[in-house]
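Reader: Hi, I'm new to this structure and would love some help finding my way around. Could you pick out one part, look at it closely, and walk me through how its pieces fit together?

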Amino acid sequence: MEHRRYTGLNRIQRENPRAEVFNAPPETADHLGWIVVDSDPDDVDMMDASGEYSDSEEEASEIDLEMSYPGTPILNSDREDQAVNTDNESDDPPLFEDPDEDQDNLNFSSQYAHGKGVGARVALKIYLPASGFPDSEDEEITAAGGPALGERRSVQIANESKLPFYSIRRIVRLLQRNGVPAMEEDFNIIDDSESELDENERVDWDDIIKKFSVRTSVIHGASDEDKNILGRIFATQFGDIHCKSFGPGAEIWKFPADRTRRVTDRVRRCAKAGGWSDNDGNIMARAFRKKFREDQGVAWRRYKTSLQVQEDPDHLPVVGLNQDYKAWRVVEDPSVDGYGMTPDRYNIPQDRAGEVPMSQYRWFGAEVVTPVYPARSEKTYQNIRKVCGILRDHLRIHKPMEVSTGLHVHLGHKHGWTLLHLKKFVTLWCLIENTLIHTHRRDRGSPRMDRWCGKLMECTNLANAILHDAAGIPNVWSSFRPTTNPQTRARLRNLSERYVPLHLLTPGQRDFLDDLWEYTSIDDLMDGMSGIRTEEDGAFVYVRPAARMRISGSKYSFGNEMQTIEIRTMQGTVDAEHIIHWIRVLERVVYYTRRARDVEFRGTIEQIRRHVHEPKDLFVLLEILKVRNETIQYFRESTNRAYDQESGQEWFVYPDRDRVDWGQPFAVPGYAATHGAQYNSVLTLVT
């Protein structure tokens with residue numbers, strides 16, 4: 001059985017003598033976690049499989065292993081008293097021999113109003129009105145020659161408690177109908193016929209039965225088996241030929257049970273018209289009913305599988321990749337709630353004065369997740385454009401909001417990471433994140449976002465250990481600092497100096513990176529880079545770094561973690577071109593992390609330290625990283641940037657300047673600029 005180290009657990013056992021740890025039996029330990037019991041049983045927080053705090057029990061329940069962690073462990077702040085070992089192993093063991101196997105990958109999730117395996121995952125979080133008051137938008141778009149917008153209208157659902165299931169099902173089927181391999185995270189049995197979301201799937205079953213006819217003349221001397229065969233043939237004709245001719249809504253698994261008698265009576269009448277006796281017709285009808293029910297069961301299982309098991313032919317094959325990350329996936333995201341979108345964030349037309357915009361619709365927060373796609377691939381970009389276009393052409397999606405939504409990109413590699421890769425990534429990210437955040441809108445860099453997009457040198461265990469140790473304050477984070485003997489420390493210092501011009505760093509940067517390069521395993525580095533637990537409004541919350549690493553291993557990554565670096569900084573959007581430009585920036589970060597040798601990496605860090613000092617140096621930074629010119633120009637365009645007087649800095653901005661037009665609050669059809677084709681970039685994206 002493979003051993004897996006869970007962040008923080010060993011330290012809890014070692015350094016909290018009050019804790020009793022109950023382990024699962026060895027034969028079941030892969031599926032069960034540990035329960036840690038402290039002296040204060042009421043103070044219980046959930047931790048996820050990486051040992052990080054979850055905001056709720058619901059979040060923790062989404063993973064295979066749950067740990068209950070009460071209270072704060074008392075950790076030893078004296079580094080010299082802890083055991084140290086000599087480490088002579090390379091931080092950069094070979095992961096593959098064939099250069100063609102050096103394939104970065106990515107996937108993303110986007111929330112709209114957000115895989116296991118390696119890659120970049122983009123989570124689209126969108127805010128979708130599931131129902132509400134009709135307006136004139138549909139008529140205007142249709143009159144302008146737009147596509148059919150059957151789903152861009154009010155929705156009435158009989159069972160409102162099933163609204164999330166209906167919404168997920170409709171989005172999945174919308175993508176599937178348009179040629180996108182998509183699936184649900186968890187299949188739920190719901191009656192699709194109750195939903196009015198899909199105009200072209202509603203059928204008149206009585207009319208279908210009425211128009212069904214079989215022509216068969218009596219066969220003298222036919223046996224009962226012959227009549228059974230005829231009945232089964234009629235069932236096949238009805239389900240596979242007749243019903244299908246009425247369109248995608250007439251799948252036989254949807255056939256209502258209360259219509260079964262009517263269709264079997266139809267078979268009897270057709271048989272009688274062909275000269276068969278009543279008894280002959282009854283035999284055929286019974287055979288028809290039995291075969292039709294069998295076919296319904298097969299069709300239902302096939303339909304269920306189509307919603308759960310899909311495979312995008314463009315996904316990157318990775319050994320052990322979870323099925324969930326081989327196709328597009330749609331889930332509900334309760335965090336996309338729209339809270340904070342108060343009336344002052346809208347320009348409300350005079351004829352609608354007094355309306356509270358967010359109350360005019362019932363909203364569904366959706367997270368759309370890509371498969372694991374190869375990086376630097378035009379096919380990947382085409383698929384992103386296709387899905388964004390489908391969603392916006394058929395659904396009302398709230399324009400990008402200053403609250404609630406985000407786009408997360410997961411970076412990985414087909415063969416995983418080495419310890420050296422991760423040290424290089426953290427080094428580079430720490431030195432650029434304060435400037436790089438200005439490729440996004442101003443709220444992504446605001447203090448209130450620290451809980452969701454904290455900085456590595458501020459919100460991590462290592463950062464807090466260094467801060468408190470320097471002040472001589474005993475603290476719970478000290479044990480997250482690396483501990484090595486002088487021989488190992490000297491070897492790792494020499495390694496760091498090959499990659500990092502330490503003399504150009506500030507004292508704070510040097511303290512942080514000195515410790516970073518002293519880590520001797522990926523697991524220990526992940527402990528140090530995990531977000532801290534802090535108090536907010538009288539409650540403890542877990543702070544997520546903007547670069548959230550969920551990777552496990554020693555010198556190279558292995559185990560059941562996601563093995564990705566999740567970049568959480570971008571706001572939610574369904575503008576495919578904007579997404580692609582941001583991915584191209586991150587692809588350059590991955591290049592320096594994985595491919596740049598010591599001389600090139602150190603030279604790049606030197607340029608950054610000499611020329612990038614303030615947010616206004618953003619475009620100097622992008623040039624140093626050798627980001628493509630068309631991407632740099634995209635972020636430079638005057639329609640995409642504005643000076644914010646409150647912060648005294650420039651940020652990415654949308655044409656509405658963060659005040660949504662309530663006369664047209666939804667993203668326009670198409671895959672590019674969400675506010676209209678007039679804002680599309682004049683630049684041509686090339687690969």
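**A close look, starting from a loop**

Author: Let's begin at Arg-376, which you will find in the loop between β11 (373–374) and α9 (378–394). Before going on, please keep in mind that this is a predicted model. Arg-376 is not a glycine, yet its phi is positive, at about 55 degrees. With a relative accessibility of 45%, Arg-376 counts as partly exposed, because that class lies between 20% and 50%.

Now follow the chain to helix α13, which spans residues 486–499. One of its residues is a handy place to stop: Arg-493 lies in this helix. Arg-493 is partly exposed, at 33% relative accessibility. Leaving aside residues up to four places away in sequence, Arg-493 touches Leu-502, Arg-510 and Asp-514. Arg-493 and Glu-518 are 25 residues apart along the chain, and their C-alpha atoms are separated by 7.3 Å.

Helix α13 also packs against helix α17, which covers residues 598–611. The two axes lie 7 Å apart and meet at an angle of about 70 degrees. That angle falls in the range of 65 to 115 degrees, and α13 and α17 are therefore roughly perpendicular to each other. On the α13 side, Glu-497, Arg-498 and Tyr-499 make the contact. From α17 come Asp-598, Phe-601, Arg-602 and Ile-605. Sorted by class, the contact between α13 and α17 has 4 charged residues, 3 nonpolar ones and no polar ones.

Next along the chain is helix α14, residues 507–516. Which of its residues are buried? They are Gln-509, Phe-512, Leu-513, Asp-515 and Leu-516. These buried residues span an arc of only 160 degrees around the axis, which means that they sit on the same side of α14. A bit of helix geometry helps here: an α-helix has 3.6 residues a turn, so residues three or four places apart point the same way. As for what lies over the buried residues of α14, the cover includes α10 (419–436), α11 (456–459), α12 (461–470), α15 (522–529) and α17. You have already met α17, as the helix that packs against α13.

From helices we move to a pair of strands. Strand β15 (residues 547–550) and strand β16 (residues 564–571) are antiparallel partners, joined over 4 bridges. Across this pairing, Ala-547 stands opposite Ile-567 in β16. In a regular strand the side chains alternate between the two faces of the sheet. You can see such a pattern in β15, where Ala-547 and Met-549 point one way while Arg-548 and Arg-550 point the other way. All four of these β15 residues are buried. In the loop between β15 and β16 lies Phe-558. Phe-558 is partly exposed, with a relative accessible area of 35%. Its C-alpha atom is 9.7 Å from that of Ile-522, and the two residues are 36 places apart along the chain.

Further on, the loop between α18 and α19 holds Lys-626. Like Arg-376, which is where we started, Lys-626 has a positive phi without being a glycine; for Lys-626 the value is about 60 degrees. Lys-626 has a relative accessible area of 55%, which makes it exposed.

Just after that loop, helix α19 runs over residues 629–636. Its buried residues include Glu-630, Thr-631, Ile-632, Tyr-634 and Phe-635. Among the elements that cover the buried residues of α19 are α16 (576–594), α18 (618–624), β17 and β18.

Those two strands are our final stop. Strand β17 (residues 641–644) and strand β18 (residues 649–652) run antiparallel and are joined by 4 bridges. Arg-641 stands opposite Phe-652 in β18, and Ala-642 has Trp-651 of β18 as its bridge partner. The hairpin that the strands form has 4 residues between them. In this hairpin, Gly-648 takes a positive phi near 70 degrees.

Note on methods: Residues numbered from 1 in each chain as written. Predicted model: local features only at pLDDT ≥ 70, side-chain atom pairs only at ≥ 80, totals over all residues. Heavy atoms only, no water. Axes fitted to C-alpha atoms, helices over the stretch in contact; angles between N-to-C directions. Helix = DSSP H or I, 4+ residues; strand = E, 2+ residues; numbered from the N terminus. Parallel < 35°, antiparallel > 145°, perpendicular 65-115°, else oblique. Contact = heavy atoms within 4.5 Å. Nonpolar A, V, L, I, M, F, W, Y, C, P; charged D, E, K, R; others polar. Buried < 20%, exposed > 50% of the residue type's maximum accessible area, 1.4 Å probe, protein only. Arc of directions from axis to C-beta. Pairing = 2+ DSSP bridges.
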